[in-house]
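Please look over the model below. This briefing covers its ring pairs, its charged pairs and one helix packing.

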Amino acid sequence: MQIGGREFDTVSGCYVMGILNVTPDSFSDGGKWDKLDSALKHVQDMIGEGADIIDIGGESSRPGHESISVQEELNRALPVVEAVRSRFDVPISIDTCKSEVAKAALSAGADLVNDIWGLKSDPGMAGVIAQAGAACCLMHNRADMDYSDFIPDVLDDLRESLILAKKAGIADDKVILDPGVGFAKTHEMNLGVINRLDAIKAMGYPVLLGASRKRVVGNTLDLPVEERVEGSLAAAIIGLVRGCCFVRVHDVKETCRAIKMAQAILGA
């Protein structure tokens, strides 16, 4: 799979997407990287620790967050995308569900659109991605938790996103699927969807897992957000075993080491 100037082996590889929230209110690191200098230093650190992709987000999606305007999201994210593109040779993901933000970020050098609504929130999103020839990550999400049969329903919801992608002209080899851990799911559902990533993988697309420091880890271990590294690593390794190709994480160094060790064992 081609993302920006890099080829990713989605058959046997597992790659780390480092999270850069340029927001004041993200659940784990809100306000830590919302100044350009600190954001760029964090990007440099994550690349040094082994990050394969940098995911830049200008709007928090934590539970209870307040939506912001397109202009505010652009004001936060666009200067960072431009600065990262000019300074680092790394694929850039823009984490947004707004087509105007995606279009501007792609023009500024982003390579991938990470849409937490799987093209279903903004009717212009699929066309923007297709027009740019960009890669995209389509996450599972819905407005309620009214499932009749959880895993099959998740797969059906993802198929709806895939239909939107195909209609817009997004190529199959530009699509990644994300189970949407922490979105429209109970604690048990979040655990279950991580354990059944193989069912999503069987749909024929690379899978990204984003469980890092999330509430499912905190509730399982009864730990605050700053103490969820080990639980996040466990989720990442289960993701690797179940066939995911990308893990979206806060703790890049630790995740890269854990994946390298797990791959050595699995390949022995």
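The points below are grouped by topic.

The model is predicted. A search of the whole structure finds 4 aromatic pairs. The count of salt bridges comes to 15. Helices α2 and α3 cross at roughly 20°.

**Aromatic rings**

- F8, Y15 and F246 are linked by ring pairs into a cluster.
- F8 and Y15 form an edge-to-face pair, because their planes stand at 85°, and over 60 degrees counts as edge-to-face. The centres of these two rings are 4.8 Å apart.
- F8 and Y15 are both buried.
- Y15 also pairs with F246, with ring centres 5.8 Å apart. The planes of Y15 and F246 meet at 35°, so this pair is tilted.
- Y15 sits in strand β3 (residues 15-21), and F246 sits in strand β10 (residues 246-249). The pair therefore ties together parts that are 231 residues apart in sequence.
- Y15 has 12% relative accessibility, so Y15 counts as buried. F246 has a relative accessible area of 0% and is buried too.

**Salt bridges**

- E73 and K98 meet through their side chains in a salt bridge, at 2.8 Å from N to O.
- E73 belongs to helix α2 (residues 70-87). K98 belongs to the loop between β5 (92-95) and α3 (99-107). The salt bridge therefore ties together parts that are 25 residues apart in sequence.
- E73 is buried, with a relative accessible area of 1%. K98 is at 12% relative accessibility, so K98 also counts as buried.
- K166 and D172 form a salt bridge, with their closest N and O atoms 2.8 Å apart.
- D172 counts as partly exposed, because its relative accessibility is 41%. K166 is at 46% relative accessibility and also counts as partly exposed.
- R213 and D251 form a salt bridge, with their closest N and O atoms 2.7 Å apart.
- R213 lies in the loop between β9 (208-209) and α8 (215-221). D251 lies in the loop between β10 and α10 (252-266). This pair therefore ties together parts that are 38 residues apart in sequence.
- Both R213 and D251 are buried.
- D55, D95 and R248 are joined into one network by salt bridges that share partners.

**Packing of α2 and α3**

- The axes of α2 and α3 come within 10 Å. They cross at roughly 20°.
- Angles under 35 degrees count as roughly parallel, so α2 and α3 are roughly parallel to each other.
- The crossing of α2 and α3 is right-handed.
- On the α2 side, the contact is made by V70, E73, L74, L78 and V81. On the α3 side, E100, V101, A104 and A105 make the contact.
- E73 thus has two roles to trace in the model: a salt bridge with K98, and a place in the contact of α2 with α3.

**Surroundings of N190**

- N190 is placed in helix α6 (residues 187-195).
- N190 is buried, with a relative accessible area of 5%.
- Leaving aside neighbours within four places in sequence, N190 is in contact with G180, V181, G182, F183, K185 and V216.

How values were computed: Residues numbered from 1 in each chain as written. Predicted model: local features only at pLDDT ≥ 70, side-chain atom pairs only at ≥ 80, totals over all residues. Heavy atoms only, no water. Phe/Tyr/Trp six-rings, centres within 6.5 Å; stacked < 30°, edge-to-face > 60°. Buried < 20%, exposed > 50% of the residue type's maximum accessible area, 1.4 Å probe, protein only. Helix = DSSP H or I, 4+ residues; strand = E, 2+ residues; numbered from the N terminus. Salt bridge = Lys/Arg side-chain N within 4 Å of Asp/Glu carboxyl O. Contact = heavy atoms within 4.5 Å. Axes fitted to C-alpha atoms, helices over the stretch in contact; angles between N-to-C directions. Parallel < 35°, antiparallel > 145°, perpendicular 65-115°, else oblique. Left-handed = near helix turned anticlockwise from the far one by under 90°.
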